[in-house]
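Hi everyone, thanks for making the time this morning. I'd like to walk you through one chain, so please have a look at the sequence and the structure on the screen.

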Amino acid sequence: MLTLKDRVPPVAQVDAELALPYELREKSRLRATLTGGPCAGQEAALFLARGTVLRGGDCLLGIDERGHARLVRIVAAPEAVLEVECHDVDQFARCAYHLGNRHTPVQIIGRKPDGHYALRIRADHVLADMLAGLGAHSAEVLAPFEPETGAYGHSHVGGHDHDHSHGHAHDVHPGSRMPVHEPKIHRPDPDKWPAKWKGTQDK
């Protein structure tokens, strides 16, 4: 069995390919069968860092049972997705907003030659009905699914890695990139006030 632990820069020549749908490319622990190349048909085990999401074209370095280094290219396998087309950019933005509000992974296709704006989501008849209500039309197709990553570099949509190292002593409010500062209470210097001052204004 080939053990894959490290992601490396893409290369043209590999020993095998590993075709996976997006759901399996989100997993850091996995056993699968390789295709293509001299290692085709062999079993591979993924032991990747937690939170890793693999993309089509990524390359992994592994060691086989004989201690030989092997390179494996990840292929985004076609899967059932909804191809959603919007008539204009306003409708496109509205659909993307409502999908994001439901924490739905979305792949942005952008503007097509016919002028429509397109995106992809996992096949879901409930979301298809919602999108139809917004004026968009969708069709289920088999295609690779490569949704957007999180805006702050999180590995997958809908989950968050909270093990951040910020290099400063300030706490960070959940969901914010800004440090939270404790409010400072400015107390007058008692030496500059009459001795009877007790922290409140005398009536």
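Before the first residue, one term: a helix here is a DSSP run of H or I with at least four residues, numbered from the N terminus. Helix 1 covers residues 22-25, and Arg 25 sits in this helix. Please keep in mind throughout that this is a predicted model.

Let me give you the overall picture, then come back to that arginine. The chain has 3 helices and 12 strands. There are 203 residues, and 33% of them are buried. If you take contacts between residues at least 6 apart in sequence, 64% join residues at least 24 apart.

Now, back to Arg 25. Is Arg 25 buried or exposed? Its relative accessible area is 0%, and because buried means under 20%, Arg 25 counts as buried. What does the side chain reach? The backbone oxygen of Phe 145 is at 2.8 Å from the side chain of Arg 25. On top of that, a polar atom of the Arg 25 side chain lies 3.0 Å from the backbone oxygen of Leu 20. Leaving out residues up to four places away in sequence, Arg 25 touches a long list of residues, including Thr 52, Val 53, Leu 54, Ile 74, Glu 79 and Glu 146.

Phe 145 comes up again when we turn to the aromatic rings. The chain has 2 aromatic pairs. One of them is Tyr 22 with Phe 145, an edge-to-face pair with 5.6 Å centre to centre and 80° between the planes. Tyr 22 belongs to helix 1, while Phe 145 is in the loop between strand 10 (137-143) and strand 11 (171-172), so this pair ties together parts that are 123 residues apart in sequence. Both Tyr 22 and Phe 145 are buried.

The other pair is Phe 92 with Tyr 117: the ring centres are 5.8 Å apart and the planes are at 40°, so we call this pair tilted. Here Phe 92 comes from helix 2 and Tyr 117 from strand 9 (residues 117-122), 25 residues apart, and the pair links distant parts of the chain. Phe 92 is buried at a relative accessible area of 13%, and Tyr 117 is buried at 19%.

Stay with helix 2 for a moment. Which residues of helix 2 meet helix 3? Cys 95, His 98 and Leu 99 in helix 2 meet Leu 127, Met 130 and Leu 131 in helix 3. That contact divides into 5 nonpolar residues, 1 polar and no charged. As for the geometry, the axes of helix 2 (residues 89-101) and helix 3 (residues 125-133) come within 10 Å and cross at roughly 145°. The crossing is right-handed.

Just past helix 2, please find His 103, in the loop between helix 2 and strand 8 (107-111). The phi of His 103 is near 55°, a positive value in a residue other than glycine. His 103 is exposed, with 62% relative accessibility.

Moving on along the chain, Gln 107 lies in strand 8 and is buried at 12% relative accessibility. A polar atom of the Gln 107 side chain lies 2.9 Å from the backbone nitrogen of Glu 146. Beyond four places in sequence, the contacts of Gln 107 include Leu 119, Arg 120, Phe 145 and Pro 147. The C-alpha atoms of Gln 107 and Thr 149 are 9.3 Å apart, with their positions 42 residues apart along the chain.

Arg 120 has a partner too. Its side chain makes a polar contact of 2.7 Å with the side chain of Glu 83. Glu 83 is in strand 7 (residues 79-86) and counts as buried at 15% relative accessibility. Other residues that Glu 83 touches include Lys 112, His 137 and Val 141.

One last stop: Ile 63, in strand 5 (residues 59-63). At 41% relative accessibility, Ile 63 is partly exposed. Ile 63 is in contact with Met 1, Leu 2, Thr 3, His 68 and Ala 69, leaving aside neighbours within four places in sequence. The C-alpha atoms of Ile 63 and Lys 5 are separated by 8.7 Å, although these residues are 58 apart along the chain.

That's my tour, and I'm happy to take questions.

Note on methods
Residues numbered from 1 in each chain as written. Predicted model: local features only at pLDDT ≥ 70, side-chain atom pairs only at ≥ 80, totals over all residues. Heavy atoms only, no water. Axes fitted to C-alpha atoms, helices over the stretch in contact; angles between N-to-C directions. Helix = DSSP H or I, 4+ residues; strand = E, 2+ residues; numbered from the N terminus. Left-handed = near helix turned anticlockwise from the far one by under 90°. Contact = heavy atoms within 4.5 Å. Nonpolar A, V, L, I, M, F, W, Y, C, P; charged D, E, K, R; others polar. Buried < 20%, exposed > 50% of the residue type's maximum accessible area, 1.4 Å probe, protein only. Polar contact = N/O pair within 3.5 Å; in protein donor to acceptor, adjacent residues only side chain to side chain. Phe/Tyr/Trp six-rings, centres within 6.5 Å; stacked < 30°, edge-to-face > 60°.
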